[in-house]
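Work through the following exercises with the sequence and the three-dimensional structure at hand. Each task is followed by a solution in steps.

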Amino acid sequence: GTISDNYGIFTAIDFIDTMQKLDPIYKLLIAGYCANERIFRKLIKRIENKPYVKLIGGDHRVPHQEIIQYMREADYGLICYEINPSIENCFPTKIFEYMANQLPIIIQNYEPWASFCEKHSAGIEIDFHSFSPRNLSDSIKTGTYYTHGIPEEVFWKHDEGKLLKLVEDIQS
């Protein structure tokens, strides 16, 4: 998707550095486009000499279907957005995409995102700036997710009526 410091790219790298020190099984795949040249250069610098971090795209767009395929092959998805006024009232599309593909999520413990994931047993909520790597690793290895299947509310069909009503109201 979109690679940005607001969306937690550097938090994700710090996170995987920490987990990698605990166990070399932890790896990070970054797939997407970074429109900000300064952030892109910083990203390249931060991941050099880290064979456990792979970047696909970065300076060019990655087709959405390709990103979905990476999700389907992943063990976990990360949502470690930096909470600030520009995103505090947003709900990341990534949550819906990860859940629609039954990808367990390691998510910033920010309401309402974390409670939505918890409601559907979709993953683990943590504070990316203060967590126990050992406890998290144990949770990752023993976690059970999506015990009731993929929630219907992650698909557009769930909100189709609301959207159609809104369009109808705008047109009248």
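A residue is called buried under 20% relative accessible area, exposed over 50%, and partly exposed in between (1.4 Å probe, protein chains only). Helices (H or I, at least four residues) and strands (E, at least two) are DSSP runs, numbered from the N terminus. The model is predicted: local features need pLDDT of at least 70 and side-chain atom pairs count only at pLDDT 80 or more, while totals for chains, interfaces and linings use all residues. Residues are numbered from 1 along each chain as its sequence is written, and side-chain values use heavy atoms, with hydrogens and water left out.

**Exercise 1. Describe the length and burial of helix 1.**

Step 1. Helix 1 covers residues 9-22, which is 14 residues. The expected span of a helix is 1.5 Å times one less than its number of residues. From first C-alpha to last, helix 1 reaches 20 Å, close to the 20 Å expected.

Step 2. Of the 14 residues, 10 are buried, so helix 1 is largely enclosed by the rest of the structure. Among them are Ile9, Phe10, Ile13 and Asp17.

**Exercise 2. Determine how aspartate 17 is placed.**

Step 1. Aspartate 17 lies in helix 1, and its relative accessibility is 14%, so it counts as buried.

Step 2. Contact means heavy atoms within 4.5 Å. Not counting residues up to four places away in sequence, aspartate 17 touches Lys50 and Tyr52.

Step 3. A polar contact is a pair of N or O atoms within 3.5 Å; within protein, one must be able to donate a hydrogen and the other to accept it, and residues adjacent in sequence count only if both atoms are side-chain atoms. The side chains of aspartate 17 and tyrosine 52 form such a contact at 2.7 Å.

**Exercise 3. Classify the packing of helix 1 against helix 2 and helix 6.**

Step 1. Axes are lines fitted to C-alpha atoms, for helices over the stretch in contact, and angles run from 0 to 180 degrees between N-to-C directions. Angles under 35 degrees count as roughly parallel, over 145 as roughly antiparallel, 65 to 115 as roughly perpendicular and the rest as oblique.

Step 2. Helix 1 and helix 2 (residues 37-47) meet at about 5°, their axes 11 Å apart. Helix 1 is therefore roughly parallel to helix 2. Ile9, Phe10, Ile13 and Asp14 of helix 1 make this contact with Ile39, Lys42, Leu43, Arg46 and Ile47 of helix 2.

Step 3. For helix 1 and helix 6 (residues 133-142) the angle is about 80° and the axes are 10 Å apart, so these two helices are roughly perpendicular to each other. Here Phe15, Thr18, Met19 and Leu22 of helix 1 meet Pro133, Arg134, Leu136, Ser137 and Ile140 of helix 6.

**Exercise 4. Locate tyrosine 76 and list its polar contacts.**

Step 1. Tyrosine 76 is found in the loop between helix 3 and strand 3. Beyond its neighbours within four places in sequence, its contacts include Leu103, Ile140 and Tyr145.

Step 2. A polar atom of the tyrosine 76 side chain lies 3.1 Å from the backbone oxygen of isoleucine 140. The side chains of tyrosine 76 and tyrosine 145 are joined by a polar contact of 2.8 Å.

**Exercise 5. Count the disulfides and examine cysteine 34.**

Step 1. A disulfide is a pair of cysteine sulfur atoms within 2.5 Å. By this rule the count is zero.

Step 2. Cysteine 34 is in no disulfide, and the nearest cysteine sulfur, that of cysteine 80, is 14 Å away. With 4% relative accessibility, cysteine 34 counts as buried.
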